[in-house]
Amino acid sequence: MSNGKPISSNTPYDDVFRTLLNDCSSLIIPVINEVFGEDYRGDEEVLFYPNEHFIQGQDTSTKEKITDSCFQVIGIRKKKYHLECQSTTDNKMIVRMFEYDTQIALDAGEVVQGTLTVEFPHSAVLYLRHNSRTPDAMTVRIKTPGGEISYQVLVMKTQQYTIDEIFEKKLLFLIPFYIFTHESRFDEYENNADKRELLRTEVIGTMEKLEQMALTGEISEYEKCTIVDMSRKVVEKIAAEYENVRKEVTSVMGGKVLEYEAKTILQNGIKKGKIEGKIDSILELLEELGTVSDELCSCIQEEKDMEVLKLYLKKASRAQSVQEFEQWILQEMKRMDAVE
């Protein structure tokens, strides 16, 4: 069996999108609310699934499809979402979304007594650029021997949001991509210092608002630093051929935060809170299934290893009962004791 290469390659914009999702996952919640009309509070747990999906071809080769993101939001209810970041309008995007959605559904599918049950994620595309032909939503229609079914893939057009709307709706996830709204005027900015100054003033205002939000605790210092770093990365790519624009904008974004400095902020500032949050989420999920014994509760609360807690959370989100989870955790403890 030969291993196929991924059918898509990462771009700097994909990297920014995934970095924001993985390092500042709470920022995606307002985006989900905006796109899907949800009413999440913002403190829900975001559980990520693998981005790599392997498909066996008829020639026995294996092809790897890489999605931008697939995750579950765990709050009062649990929902799975699939988001793709797209820098240009692509007529084949709906085909790829269906392929990804199908594979995501199959990965979690269940076969019981000859019946395969799959659940498709709530899907959307975040377009960094759009034109008059970019739809507001796309539709997948499937004709089967048992009847016709369809579902929508929603569309978010980032260029439609002003910077004021982004802050008003807490769509801070979009800030690194906001520079796309100015892209069509780069030629003009490059040769006109007065117009570059207007752009510079807007960027300064954005940085000041982020700083204020960090000071008041609306976002963490780490989240602020990540948004700024990712904004710089997007500018350096999109304005690569516009030296004056690039220098003018990046000069007011503050000094570059080195990766180890940002990670230190994350580890020292919110590690404890994340562990406690994981424990709370696990217990909340189990309490929805039934009564959690004091012994099981203590076992979970005493665990401080984040990777172990992530495993507990994933299992709790899929368990059908508290007893199923408790039996599994006892087996895991015995297995670990045997390894030691």
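**Figure 1. A salt bridge joins Asp 164 and Lys 209 in this predicted model.** The two side chains meet at 3.3 Å, N to O. Asp 164 belongs to helix 4, and Lys 209 to helix 6 (residues 193-215), so the pair ties together parts that are 45 residues apart in sequence. Asp 164 is partly exposed, at 48% relative accessibility. Lys 209 is also partly exposed, at 35%.

**Figure 2. Lys 278 and Glu 45 form a salt bridge between a helix and a strand.** The N to O distance is 2.9 Å. Lys 278 sits in helix 9 (residues 259-289) and Glu 45 in strand 2 (residues 45-48), so this bridge ties together parts that are 233 residues apart in sequence. Lys 278 has a relative accessible area of 12% and therefore counts as buried, the cut-off being under 20%. Glu 45 is buried as well, at 13% relative accessibility.

**Figure 3. Glu 243 and Lys 247 pair within helix 8.** Their side chains form a salt bridge of 2.7 Å, N to O. The two residues are 4 apart in the helix, so about one helical turn separates them. Glu 243 is partly exposed, with 40% relative accessibility.

**Figure 4. Four charged residues share a network of salt bridges.** Its members are Glu 38, Asp 39, Arg 77 and Lys 79. Across the whole structure, a search finds 22 salt bridges.

**Figure 5. Helix 1 packs against helix 7.** Helix 1 covers residues 12-23, and helix 7 covers residues 221-238. Their axes come within 10 Å and cross at roughly 175 degrees. That angle is over 145 degrees, so the two helices are roughly antiparallel. On the helix 1 side, the contact uses Pro 12, Tyr 13, Asp 15, Val 16, Thr 19, Leu 20 and Asp 23. Helix 7 meets them with Tyr 222, Thr 226, Met 230, Lys 233, Val 234, Lys 237 and Ile 238.

**Figure 6. Helix 7 also meets helix 8.** Helix 8 runs over residues 243-250. The axes of the pair come within 9 Å and cross at roughly 170 degrees. Helix 7 is therefore roughly antiparallel to helix 8. Arg 232, Val 235 and Glu 236 of helix 7 make the contact with Arg 246, Val 249 and Thr 250 of helix 8.

**Figure 7. Glu 248 of helix 8 contacts residues distant in sequence.** Leaving aside neighbours within four places in sequence, Glu 248 is in contact with Arg 196, Glu 197 and Arg 200. Tyr 189 is 59 residues from Glu 248 in sequence, yet their C-alpha atoms are 10.0 Å apart. Glu 248 is partly exposed, with a relative accessible area of 21%.

**Figure 8. Gln 113 has a positive phi in a loop.** Its phi is near 50 degrees, in a residue other than glycine. The loop connects strand 7 (110-112) and strand 8 (115-117). Gln 113 is exposed, with a relative accessible area of 81%.

**Figure 9. Lys 170 is another non-glycine residue with positive phi.** Here phi is near 60 degrees. Lys 170 lies in the loop between helix 4 (163-168) and helix 5 (186-190). At 39% relative accessibility, Lys 170 counts as partly exposed.

**Figure 10. Four nonpolar residues make a surface patch.** Leu 106, Val 111, Leu 116 and Val 118 form the patch, which has an area of about 350 Å². Leu 106 comes from helix 3 (residues 93-107). Leu 106 is partly exposed, at 42% relative accessibility.

**Figure 11. The protein chain as a whole gives the setting for the close-ups.** The chain has 12 helices and 11 strands. Of its 340 residues, 44% are buried. Among contacts with a separation of 6 or more, 63% link residues 24 or more positions apart. The chain exposes about 18,800 Å², and carbon and sulfur atoms supply 47% of that area.

Technical notes. Residues numbered from 1 in each chain as written. Predicted model: local features only at pLDDT ≥ 70, side-chain atom pairs only at ≥ 80, totals over all residues. Heavy atoms only, no water. Patch = residues over 30% accessible without salt bridge, like charges linked within 9 Å, V, L, I, M, F, W, Y side chains within 5 Å. Areas by Shrake-Rupley, 256 points an atom, 1.4 Å probe, with all protein chains shown as cover. Buried < 20%, exposed > 50% of the residue type's maximum accessible area, 1.4 Å probe, protein only. Axes fitted to C-alpha atoms, helices over the stretch in contact; angles between N-to-C directions. Parallel < 35°, antiparallel > 145°, perpendicular 65-115°, else oblique. Contact = heavy atoms within 4.5 Å.
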